[in-house]
Amino acid sequence: MASQNSGDSLSAPIRTVRLNCPTQGRRFYGCSHYPRTCGFFKWADEVDNVLNLQMLAIEKDTKISELEYERDVLKGKVKKLKQSTTELEDQVAELAIENTKKFHAMETVKVDKKLCIMLFMSWVFFCFCDLV
């Protein structure tokens, strides 16, 4: 048997309108002390709608809480990824500087080799000229 709490904190049983009127057959909650009553009265279908809406609101609040938690977790992941990205960009910059230095060193070695070869060739040329 369904019931609601009336204004005097007692259970208000569900009843049905039995009078010959437009609301005949409609169910309602009324004070259990009828006809001496605290005045509590609610239509059952309105209470059911309110209860359904309250349950829906609780479900939505739960879903909102879950989504907010998930958002916070994702924000933490994004923060870590941004930090990793910054660290990787710094490493790439260091490697670029290192590789540039190595490239310049290799270019210097190439120039030195070319100079040595030219010096050797000129020495051979002068030696050959002296022999002739």
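This short presentation describes the fold, the core, the salt bridges and one surface patch of a predicted model.

Good morning, colleagues. I begin with the overall architecture. The chain has four strands and one helix, and their order along the sequence is β-β-β-β-α. Since the model is predicted, a word on confidence is in order. The mean pLDDT of the chain is 82, with 88% of the residues reaching 70 or more. Among the elements, helix α1 has the highest mean, 86, whereas strand β1, residues 3-5, has the lowest, 53. Of the 132 residues in the chain, 11% count as buried.

Let me turn to the strands. Strand β2, residues 11-16, runs antiparallel to strand β3, residues 27-30, and three bridges join the two. Within this pairing, Ile14 has Tyr29 of β3 as its bridge partner. Strand β3 also pairs with strand β4, residues 41-43, again in the antiparallel sense and over three bridges. Here Phe28 is matched with Trp43 of β4. As background, side chains in a regular strand alternate between the two faces of the sheet.

Next, the interior. Which residues make up the largest nonpolar core? There are seven: Ala12, Ile14, Tyr29, Cys31, Phe40, Ala44 and Val47. Two elements, β2 and α1, each give two or more residues to this core. The bridge partners Ile14 and Tyr29 are thus both named again among the core residues.

I now come to the charged side chains. As a general point, side chains of opposite charge can pair when their charged atoms come close. The structure holds five salt bridges, and I shall discuss three of them.

The first to consider joins Asp45 and Arg26, with an N to O distance of 3.1 Å. Where in the chain do the two residues of this pair lie? Asp45 belongs to helix α1 and Arg26 to the loop between β2 and β3; they are 19 residues apart, and the pair links distant parts of the chain. Asp45 counts as partly exposed because its relative accessibility is 37%. Arg26, at 27% relative accessibility, is likewise classed as partly exposed. The arrangement extends to a further residue, since Arg26, Asp45 and Glu46 are linked in a network of salt bridges.

Another salt bridge is formed by Asp72 and Arg71, whose closest N and O atoms are 3.2 Å apart. With a relative accessibility of 43%, Asp72 counts as partly exposed. Arg71 is also partly exposed, its relative accessible area being 41%.

The remaining example is the salt bridge between the side chains of Lys110 and Glu107, at 3.8 Å from N to O. How far apart are these two residues in helix α1? They are three residues apart, so about one helical turn separates Lys110 from Glu107. Lys110 is partly exposed, with a relative accessible area of 45%, and Glu107 is partly exposed as well, at 31%.

Finally, the surface. Ile117, Phe120, Met121, Trp123 and Val124 make a nonpolar surface patch of about 550 Å². One of these residues, Phe120, is placed in helix α1, which spans residues 44-131. Is Phe120 buried, partly exposed or exposed? Its relative accessibility is 48%, and Phe120 therefore counts as partly exposed, the class of exposed residues beginning over 50%.

To summarise, the predicted model shows β3 paired with β2 and with β4. A core of seven nonpolar residues draws two or more of its members from each of β2 and α1. The salt bridge between Asp45 and Arg26 connects α1 to the loop between β2 and β3, and a nonpolar patch of about 550 Å² includes Phe120. Thank you for your attention.

Definitions and conventions: Residues are numbered from 1 along each chain as its sequence is written. This is a predicted model: local features need pLDDT of at least 70, side-chain atom pairs count only at pLDDT 80 or more; totals for chains, interfaces and linings use all residues. Side-chain values use heavy atoms; hydrogens and water are left out. Patches are made of residues with over 30% relative accessible area and no salt bridge: like charges are joined within 9 Å, nonpolar side chains (Val, Leu, Ile, Met, Phe, Trp, Tyr) within 5 Å. Accessible areas come from the Shrake-Rupley method with a 1.4 Å probe; for residues, only the protein chains shown count as cover. A salt bridge is a side-chain nitrogen of Lys or Arg within 4 Å of a carboxyl oxygen of Asp or Glu. Buried means under 20% relative accessible area, exposed over 50%, partly exposed in between (1.4 Å probe, protein chains only). Two strands pair if DSSP finds at least two bridges between them. A nonpolar core is a set of buried Ala, Val, Leu, Ile, Met, Phe, Trp, Tyr and Cys residues joined through side-chain atoms within 4.5 Å. pLDDT is the predictor's confidence in each residue, from 0 to 100.
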